[in-house]
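Q: I have a structure open here and would like to talk it through. Can we start with the empty spaces inside and go on from there?

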2 protein chains.
Amino acid sequence: MTYCVAIKLNAGLVFLSDSRTNAGLDQISTFRKMIVYEKPDDRFMVLLSAGNLSISQSVREILQVEKLKDNDDEDGLTIWNAKSMFDAARVLGSAIRHVYERDAASLKLAGVDFNVSLIFGGQIKGEGMRLFQVYSAGNFIEATPETPYFQVGESKYGKPVLDRVITPHTPLDEAAKCALVSMDSTLKSNLSVGLPLDLVVYEADRFQTDKVVCIDENNPYFQMLHNSWGAKLREVFDSIEDPMWNGEATDVPLMQTAGRSLPLKKITTPQEKLI
Amino acid sequence: MTYCVAIKLNAGLVFLSDSRTNAGLDQISTFRKMIVYEKPDDRFMVLLSAGNLSISQSVREILQVEKLKDNDDEDGLTIWNAKSMFDAARVLGSAIRHVYERDAASLKLAGVDFNVSLIFGGQIKGEGMRLFQVYSAGNFIEATPETPYFQVGESKYGKPVLDRVITPHTPLDEAAKCALVSMDSTLKSNLSVGLPLDLVVYEADRFQTDKVVCIDENNPYFQMLHNSWGAKLREVFDSIEDPMWNGEATDVPLMQTAGRSLPLKKITTPQEKLI
């Protein structure tokens, strides 16, 4: 599997991906899942990919030369001449459909789903930043203030901390930290996600960034975050009182039934006596 | 969906389940997923269920009267006369297979998988506590000191905290707290898991428990835990330094590339120039 997350904030964009790919337990490899497309002072775009590696690599390859022709008298839309990220996402959708036309029938005969899941975000001069999640059919959805982040791959382990922290007003470096904590939880619980990580932090209206980093096991910040988060989470856990039960002397709220709820179904003899 | 977790410790067993069932977004209901089977001074068993509700309800119904006959001259093994939890789990497997024989063909015609996932644990006099995860085919696996907990249903959101805290030496009430934190993270991130919760804490060699509680939104302990965990997690998050970048003056470890990793793939022009 894979875990990728991208966050759209008022201040900018954060992209983070792992690099583990597995096709069966004996075939675990490192493949980078992030590509940056940058044209200084004009456009800055990042693509994150999850799903079948042969499909996502083909999509990435084709995307660089993909031309989307809506009608005959146009030169064709590319990610390099698109006037909006929406149009660039349409070009990406078109690239996926080309790979589908080429490979899907053969994959189906081999019993393999046409499965690819992409996050594509950035900024093109003349409009604000935008962030899209793009599906196997080439269709896509856009992030909004209410839903400012997208995840692809093994997304569940790392979702709670994003839900607790991220809003459009979160500062950029704090959101980067949150993405790394989300990744750390995923690494902890899922073997199919692994280092190194690729992290890109983009500030609004810059059309370039120097905050691009590949994080491996020797990265001092990630080591610090990994150790601090684990240790402090444990401290917080220990600082919350254990449940106390009816009859125990305590100031802690008792663990007792309250409200309208019915008691649990309990069977005390083979004769189905219910309480 | 559903989220159920059970933990086997040296000190006892912890069982926790939510109560939300959904068959489509417009059909969300409350169904309890925990049953306690108790024969004082002889056996104490708990069953947690996830998956297709019609299947799990049928299994629960049949389990109370299921007789497993290994050969003809026996009266038949039941959960009430089994000498070991292993045998009781075999009876449960047999109950699942009876429901399969009855329903699977019709379900298949309707395009519905025969999907049920159960956790079954407890203690029968004469042996130690045991905990099993039982699959749709009636086969099962047992928890060990290395893997002291099982989850069924929406298990991923709540897995990281279990991985960080639970060992066989964890005290019983601390493990109950951990299960509740795990459930709280799941409730936060997944709408298909909902209150009320059923919690049972069993102390080794007691063959009964009075630590049985149904937790709804008015439960003071769960309210305290929910609020404290959310607030303190945020404090911990804030206490970890944001990443600092090369060139910024700081004592915090810099966010910089280290070790053997190659730089990210970056495409700066349409001509595929790679750096």
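**Cavities, symmetry and buried parts**

A: Let us begin with the second largest cavity, where α5(B) provides the largest share of the lining, 4 residues. Please keep in mind that this is a predicted model.

Q: Which residues line that second largest cavity?
A: Its lining consists of A:V161, A:R164, A:V165 and A:W229 from chain A, together with B:G230, B:L233, B:R234 and B:F237 from chain B. The elements that contribute two or more residues to this lining are α3 of chain A and α5 of chain B.

Q: And what is its volume, and how does the lining split by class?
A: The volume of the second largest cavity is about 40 Å³, and its lining has 5 nonpolar, 1 polar and 2 charged residues.

Q: How many cavities of 30 Å³ or more are there?
A: The structure has 2 of them, and the largest holds about 200 Å³ of space. Of the 18 residues lining that largest cavity, the closest to its centre are A:P160, A:S185, B:P160, B:S185 and B:L233.

Q: Which element gives the most to the lining of the largest one?
A: That is α3(B), with 4 residues. At least two lining residues each come from α3 (159-165), α4 (172-189) and α5 (220-239) of chain A, and likewise from α3 (159-165) and α5 of chain B.

Q: What about polarity there, how many nonpolar, polar and charged?
A: The lining of the largest cavity divides into 11 nonpolar, 4 polar and 3 charged residues.

Q: Switching to symmetry, what turn lays chain B on chain A?
A: A turn of 180° with a shift of 0.0 Å along the axis lays chain B on chain A, at an RMSD of 0.0 Å, and that is the relation of a two-fold axis. In chain B, the C-alpha nearest the axis belongs to B:Y157, at 2.3 Å from it. Both copies use the same surface, in that 100% of the contact residues of chain B recur in chain A.

Q: Now B:W229, is that buried or exposed?
A: B:W229 counts as buried because its relative accessibility is 3%, under the 20% cut-off. The residue sits in helix α5 (residues 220-239) of chain B.

Q: What is B:W229 in contact with, beyond its sequence neighbours?
A: Leaving aside neighbours within four places in sequence, B:W229 is in contact with A:R164, A:L233, A:V236, A:F237 and A:I240 of chain A, and with B:V161, B:V181, B:D184 and B:S185 of chain B. As for B:D184, it is 45 residues from B:W229 in sequence, while the C-alpha to C-alpha separation is 8.8 Å.

Q: Let me move to strand β10 of chain B, why call that one largely enclosed?
A: Strand β10 (residues 149-153) of chain B is largely enclosed by the rest of the structure because 4 of its 5 residues are buried. Strand β1 (residues 3-8) of chain B pairs with β10(B) in the antiparallel sense over 5 bridges, and B:A6 stands opposite B:F150 in β10(B).

Q: Last one, which residues of helix α1 in chain A are buried?
A: In α1 (residues 53-63) of chain A, the buried residues are A:I55, A:S56, A:S58, A:V59, A:R60, A:I62 and A:L63.

Q: And what covers them?
A: The cover over the buried residues of α1(A) includes β5 (34-39), β6 (43-51), α2 (85-109) and β7 (116-124) of chain A, along with β15 (265-267) of chain B.

How values were computed:
Residues numbered from 1 in each chain as written. Chains lettered and ligands numbered in written order. Predicted model: local features only at pLDDT ≥ 70, side-chain atom pairs only at ≥ 80, totals over all residues. Heavy atoms only, no water. Least-squares fit on C-alpha atoms with pLDDT ≥ 70 in both. Contact = heavy atoms within 4.5 Å. Buried < 20%, exposed > 50% of the residue type's maximum accessible area, 1.4 Å probe, protein only. Pairing = 2+ DSSP bridges. 1 Å grid on protein atoms, 1.4 Å probe; cavity = no way out; pocket = protein on both sides within 12 Å on 5 of 7 lines; lining within 4 Å. Points joined across faces, edges and corners; volume = space filled by probe spheres on them. Nonpolar A, V, L, I, M, F, W, Y, C, P; charged D, E, K, R; others polar.
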